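Subject: Structure for your review

Dear colleague,

Please find below the structure that I am handing over to you. My findings follow directly after it, and I would ask you to read them with the structure open.

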Amino acid sequence: VNCVEPVDISIDKQAITLAPHTGMSIFVYHPETFRIPEDVVVVGIENVENFNNLSKLTYLFQRGKYVFVCRYPQNSALYKWLERIPNKYIHFGDFDLAGINIYQTEFYTRLGDRASMLIPDDIEDRIKHGNESLFNKQYNKFKSLNILDPRIKPLFDMIMRHHRCYEQEGYILG
């Protein structure tokens, strides 16, 4: 767990302030005791490199309170915690067919409209110049992906139109 602005949280009923520290994050050993205020948005980041460089990503988010969680190591604790809390969830994954599938199957199906996928304003330009070989590797498996969340249909269509995708690490590189 990490943040870019201080957030009041509680762990084991002890109130603390989660504060950003470069190169540090908090591992929550017992997520069932981890509480955040309802107005805090949870952002799930698929990539550890992006998770460790949050300060380079703040421009992607509107003003507000955010707690960032890393999807890896992948286990059911994150899903169970998200299902127990009422907070909104934003998924920040790769902008490819597999990333859309991960968002839909692992988050949208569990959280419904409380979940959304981060789709930055400049994503189409980045996809136009994105990774063609990764698209080709994923195409046969995901070309008929059933889009459950209509909010991500434009992203899916962009990827299919340009035959390219974009990995989230590009946002920390500039």
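A network of salt bridges links Asp113, Asp149 and Arg151 in this predicted model. Within that network, arginine 151 forms a salt bridge with aspartate 113, and their closest N and O atoms are 3.8 Å apart. The two partners come from distant parts of the chain, 38 residues apart: arginine 151 belongs to the loop between α5 and α6, while aspartate 113 belongs to the loop between α3 and β7 (115-117). Arginine 151 is partly exposed, because its relative accessibility is 39%, a value between the 20% and 50% limits. Aspartate 113 has a relative accessible area of 59% and is therefore exposed.

In the whole model, the count of salt bridges comes to eight. Two others also connect distant parts of the chain, and I describe them in turn.

Arginine 161 forms a salt bridge with glutamate 124, with 2.8 Å between the closest N and O atoms. This pair joins two helices, since arginine 161 is in helix α6 and glutamate 124 is in helix α4 (residues 123-128), 37 residues apart. Glutamate 124 is partly exposed, with a relative accessible area of 27%.

Glutamate 132 forms a salt bridge with arginine 164, and here the closest N and O atoms are 3.7 Å apart. Glutamate 132 is in helix α5 and arginine 164 is in the loop between α6 and α7; the two are 32 residues apart. Both partners are partly exposed: glutamate 132 has a relative accessibility of 40%, and arginine 164 has a relative accessible area of 25%.

Helix α5 also takes part in a helix packing. Two packed helices are described by the angle between their axes and the distance between the axes. The axes of helix α3 (residues 97-111) and helix α5 (residues 132-142) come within 8 Å and cross at roughly 45 degrees. The two helices are therefore oblique to each other, because an angle under 35 degrees would be needed to count as roughly parallel, and 65 to 115 degrees to count as roughly perpendicular. On the α3 side the contact is made by Leu97, Ala98 and Asn101, and on the α5 side by Phe135, Gln138, Tyr139 and Phe142. Five of these contact residues are nonpolar, two are polar and none is charged.

Next, I turn to backbone angles. Most residues other than glycine have a negative phi. Lysine 13, although not a glycine, has a positive phi of about 65 degrees. Lysine 13 sits in the loop between β1 (7-11) and β2 (14-18), and it counts as exposed because its relative accessibility is 84%. Histidine 163 likewise has a positive phi, near 55 degrees. Histidine 163 is in the loop between α6 (153-162) and α7 (170-173) and is partly exposed, with a relative accessible area of 40%.

Finally, is asparagine 47 buried or exposed? Asparagine 47 has a relative accessible area of 16% and is therefore buried, as the limit is under 20%. Its place is in the loop between β4 (41-45) and α1 (48-51). Leaving aside residues up to four places away in sequence, asparagine 47 touches Gln168 and Glu169. With glutamate 169, asparagine 47 shares a polar contact of 2.9 Å between the side chains.

Yours sincerely

Definitions and conventions
Residues numbered from 1 in each chain as written. Predicted model: local features only at pLDDT ≥ 70, side-chain atom pairs only at ≥ 80, totals over all residues. Heavy atoms only, no water. Helix = DSSP H or I, 4+ residues; strand = E, 2+ residues; numbered from the N terminus. Buried < 20%, exposed > 50% of the residue type's maximum accessible area, 1.4 Å probe, protein only. Polar contact = N/O pair within 3.5 Å; in protein donor to acceptor, adjacent residues only side chain to side chain. Contact = heavy atoms within 4.5 Å. Axes fitted to C-alpha atoms, helices over the stretch in contact; angles between N-to-C directions. Parallel < 35°, antiparallel > 145°, perpendicular 65-115°, else oblique. Nonpolar A, V, L, I, M, F, W, Y, C, P; charged D, E, K, R; others polar. Salt bridge = Lys/Arg side-chain N within 4 Å of Asp/Glu carboxyl O.
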